[in-house]
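Dear colleague,

I am handing over the structure below, and after it you will find notes on what turned up when I went through it. Please read them with the structure open beside you.

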Amino acid sequence: MNRILELMKKGYFVQDPQILSLLNDEEFERFLFFLPKSNEPKILKKEDVITFLQKISKKISIRILEPQIKQKISNLDLLNILRERYNFLSSIIKKKLLFFNLISINKISKKYRTFSLIGMVYEIDGKKITIDDLSSKIDVWIEDEEKLKLIEEDCVIGVKCYWKDDEIYANEVIFPEFEEKNNLEEIKELRIGIFNRDIDTDADVIIQLDRETKISKNKLYVNSSFPVHQIYVNNSLILLVDIRHVNFSIEKFLKLRLVTSKSSKILDFGGDFFLIKDKPSLIITLNSDREEINKINDIFLISLANSLENNYLIDLKEEIFIKI
Amino acid sequence: MNVKFFLLDVDYDIVDDRPIIRIFGRDENGSSVTIFVKDFFPYFYVKVKDEEKFLEFLEKNFKNLIVKVDTVEKFLPIGYQERKTRLFRIFLKNPSKVPLVREELMLQDFVENTYEADILFKYRFMADKDLSGCKWYEVEGTFVNNTSVVFTNKKIEALNIKEIDRNEIPKFKILSIDIEVANKEGIPDPKTHPISIISLAFYPEYNGMRNLVLISKRVNVNLEYVLSFENEKKMLESFINIIKDYDPDFIIGYNINNFDIPYIIERLKQNKIKPYLGRAKKVAKSQRISEERYKNTIVGRVIIDFYDILKEFSKKGMFKTKRLGLGDVAKVLIGRGKEDVEHSEIIKLWNGDEKDLVRLINYAKTDAELVLEIMLSKDFISQYIEISRLSGLLLQDTLSGSESSRIEQFLLKEFNKNDFVIPNKPNKRELKEREKQEVKGAIVLEPKIGLHEFVAYLDFKSLYPSIIIEYNICPTTYLKNRKEGLDLIISPINTYFVSKNVREGIFPRVLKRLIEERDKIKKIMKDEKDPNKKILLEAKQLALKLLANAFYGYTGFLKARFFVADIANTITAYGRYWITNVKKFAEEIGYEIVYGDTDSIMVKTNAKSLEEAFKIGTELEKLINSKTPQNIKMKIEGIMKKILFVAKKKYVGYLFESENDNGKIVMKGIETIRRDWCELVSETLSKVIEILLITGSEREAFEYVKEVFRKLKNNEIDVEKLAIVKSISRPLNKYKGQQPHIELVKKMMRRGDPNIPGVGDRVSYVIVAGPQKIVERAESVEYVKKYKIPIDAEYYIYHQLLPPLERIFNAIGITPSQFITGTKQKSIIGILLQNGNGTNKNQSNVVIKEGFVNEINIKELVGFMCSKCNSVYKRMPLSGVCNLCNGEIVFYSANAKSKIISLN
């Protein structure tokens, strides 16, 4: 291949042909493939090549939170999982309620005219919700209808309360939002490939489905029978979610933050629960109705359809995905 | 001269270094008597290894204490012996020195053992002279005038005493006592708080007075029965004089043993007055035996605490009452209640105006009166009198003593009569040894849980006594090891006893006599027309039955003198053997055994009518008895027209003792009255039992309960029926943790309520609805009624009604959750994994029959449930426990509960 000619076809002139020797054939092909076509003549500088080389050789550490399947689960196991979730989420909410007379449910009495509580929603009955914490449970009336719509059973919320007659009313509801992190910056440069067969591309992270779960270099083999995977690439969290198995919206899924990784059965909670502690940078859902790219609360959401039939290469920098 | 008297009490005094026995009683003319007996000395037996060393030792160390030493030939108590053993018998001058000499001897290596070395002197005397409490005797002797040591009408020095055949009870003098202490706060302390009032009631009258109320301050009250004094000391002095003058046989009261008497004795001490409350110059003693219990002795008189007696009778089911307050029991027994004055009110009335004081005086007067009326209206004492007569104990010891003391005095006489000595009580080391030995109990068959019809109830007549008689079981026939050449009985557990042909044991002989005598009396009773005589006969036959039945328990009682593990085990082994055999036999001939416990079995007759059931039951009785030995026979107790088995030792049945009987509900292990239940619970439980057993069906009982729940939820139940009563037993700050009645009192204080209950008072409360903890939602009935506060239906359903009802309904296959409808069942997982709503199963179809299992497969999992009260939860509460009853939350399926679910 005549490298200079190829580059000229794309509108690039090489000032110093030496810089091309930094790339081997494979790398040059890749470099050419992803070089955007320039309508006006552009000079190819050494920095461009160096940057490209750095990109493709940068260290990417991939960590996957692998579910451990237990064969038997005790009532105490389940209790611990719930409590861990509750404790974690309430620690986020607590920070917003520090100056609002935060008490536990068993300490409620008329001596506090206003107070706040943190609880897990047990039941929703019209405008009245029942929440419980580690000490007890209680009924609270939610005044704000808009906020009421956002409340789900099992989510952990904070409520600022006051007494009205002998009932407790909440004039404010606080949800445990993810803490802001600049994860997006970190992975903005990434190209992620979701494949069902071996494909040679320059994706930084390759997720190959339907294999026994393991990690090899930047390749991640994943057993797609699990509905949810938490994949850490460097410090960024990518969630791979098979929406069929959770069967509700991603928004609700994020609110509850608790996932299990075994495929669906009625009341099947085989396997450990994941508690999504970090804010995901990216959520890739498989088997959704349509393919699109969205953002939820600054979280990149990429919905792919028929994942097992197609292969995708997702370029986060360009915010595109390509079917291969 | 000769005097006939009824023996009430015995003690002794030391005069000129010698013991003098004093017998107290009442003669046939109504005079109180003291009979002095001289020249009777305490003694005990010693088995010796080296006679010379032994006699030397006695001479050297105890010469001054000993009256004489002689030798006798006696049989030893435990184990069959062909020949008697040579024993030394030591007579001492002073009964109080016996323990000292005994202990010293036991340390010597030339002494093998001592016998009868811990018999109370009075009982040593009574056994030797064949005297018993509550019998009539005739004493031949001379009057003694020159002694002020005793205060009875007559004083006699005895030459000879013999028993006379007389059954009637003399006309006793009864004094009922009640004291009131008006102190500011807390429980009265006898060291610091004086007695304010002593109320006395007399029968017969004392100087024409039925009542006297003594007051420890000068008052201007125009009541003829009131005597006021300058101070407490003067009042107490007068009190002592009244007792001496009136000279009662019985001192009675309600809880006097643990309050009034120890309090009076302490106050006498504090006022430096000698507590001579008895018939001799001997101080009345109050000995603390535990934190709240005392043992009191007043020489020559008998203390009868009706609280103890009625507690006993109520336990036996002879009358029903939820609370044992004097007013409550008086209402039930004699139809007369009393005004309730809370303890904290007493000080107010004491310091109040004339009207207040009169109210307090009458309150105290009633307390003393009521006990006296209870004693006179019903016969509670005859039974104890008969037991005294039979066992040989004094009446006071029969009332306050244990069953074992009754048997031991009885056996002392019987063994001595047959030339046997009896063992000492075990010391600490021996007790520890005994504790290591296992005594296996009776057999209890697994009941067929649920409701059954026409069940025959058969039991062995006096099984254990029958076994003792049949197999000649006795310490005197017991062989530790098998001996050849002897006619032996070998038990199912390979223990050995010589047969009747070799020697008839004392236990079997005595039991046979007791049983025969009882049968004789029962026959006489059938034809007896005089109701008074009938009462006495009834008491007699009951005493015989009690003593006979106490034999088995005695053999297994670790502290018994005659404890031999092998003997107790042999008796129960035969019991198990015969029940097992009878069960096998009944099943072989085609009957189903639905239950069996120790000495009874319940057999399903499959009859269609009572008549048929009785026929079958009687036939079965005959068949069984054709297979059992001569002394071990079964009898049909009755037919359970319906019986519900809940668990082992827990059932309710509708028993007919004969075809023409009216039928009565019998309950075992199931109470319908408990102090921490409100009236609604007792009422509902009784009604449910009635419906299940008598009037209706399971469906009806179920609907009845649902209706009660519905009424509760709609506040249609009378609040009074929901009241729970608890007393304040100590100052509020001494309570650890929260309790509803205490929280209520605190609330009342904060509100500034006028009548705040104090220590010793009872608090009545209901639990109202609200967001706080249950314990903080206690409210007084008046307050709830006044402000129309809704009650917490859930509390009453889950905490009061469901626990006892659940047991009953579980036994017939209905779970409490079926009463509680409308609980949506969801789980966090259902929400996460399914269609967002989980399953919405209506719980009323869930039946949990199996109870707990090791694990439930995930395919069968339904949801979460409280392991105690079966409340269903849509998810595991974060607290991990049921918010109604604190039970652990577990998984449940259609048929079972488990703490584990498995995934494959």
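In strand 13 of chain A, Tyr221(A) is the residue that serves as bridge partner to Lys214(A). This is a predicted model, and the bridge belongs to the pairing of strand 12 with strand 13 (residues 219–222) of chain A, which is antiparallel and runs over three bridges. Both strands take part in an open sheet of six strands in chain A, ordered 12-13-11-10-21-22 and mixed in its pairing. At the edges of this sheet lie strand 12 (214–216) and strand 22 (320–323) of chain A, each of which pairs on one side only. On average, and with direction ignored, neighbouring strands of the sheet are turned by 15 degrees against each other.

As for confidence, the model scores ipTM 0.78 and pTM 0.64, while chain B has a mean pLDDT of 88, with 96% of its residues reaching 70 or more. One stretch of chain B calls for caution, namely residues 821–847, where pLDDT stays under 50, although the model has 61 contacts beyond four places in sequence for this stretch. Where pLDDT is low, the predicted coordinates should not be read in detail.

Turning to the interior, the largest nonpolar core holds 225 residues, and the members that touch the most others are Val455(B), Ala456(B), Phe551(B) and Leu644(B). A second, separate core has 44 residues, including Ile108(A), Ile129(A), Ile142(A) and Ile174(A). Beyond its neighbours within four places in sequence, Leu644(B) is in contact with several residues, among them Leu451(B), Tyr651(B), Leu692(B) and Ile808(B).

Is Ile639(B) buried or exposed? Ile639(B) counts as buried because it has 30 C-beta neighbours inside 10 Å, and the cut-off for that class is 20 or more. Ile639(B) is found in strand 24 (residues 634–647) of chain B, and, not counting residues up to four places away in sequence, it touches Val455(B) and Ala456(B), as well as others including Leu610(B) and Phe656(B).

Gln81(B), by contrast, sits in the loop between strand 5 (66–74) and strand 6 (85–92) of chain B, and with 13 C-beta neighbours inside 10 Å it counts as partly exposed. Leaving aside neighbours within four places in sequence, Gln81(B) is in contact with Phe75(B) and Leu76(B). Gln81(B) and Thr476(B) are 395 residues apart in sequence, yet 7.7 Å separates them in space, C-alpha to C-alpha.

With best wishes

Definitions and conventions:
Residues numbered from 1 in each chain as written. Chains lettered and ligands numbered in written order. Predicted model: local features only at pLDDT ≥ 70, side-chain atom pairs only at ≥ 80, totals over all residues. Helix = DSSP H or I, 4+ residues; strand = E, 2+ residues; numbered from the N terminus. Buried ≥ 20, exposed ≤ 12 C-beta atoms within 10 Å, placed from the backbone. Contact = placed C-beta atoms within 7 Å. pLDDT = per-residue confidence, 0-100. Core = buried A, V, L, I, M, F, W, Y, C linked by C-beta atoms within 7 Å. Pairing = 2+ DSSP bridges. Axes fitted to C-alpha atoms, helices over the stretch in contact; angles between N-to-C directions.
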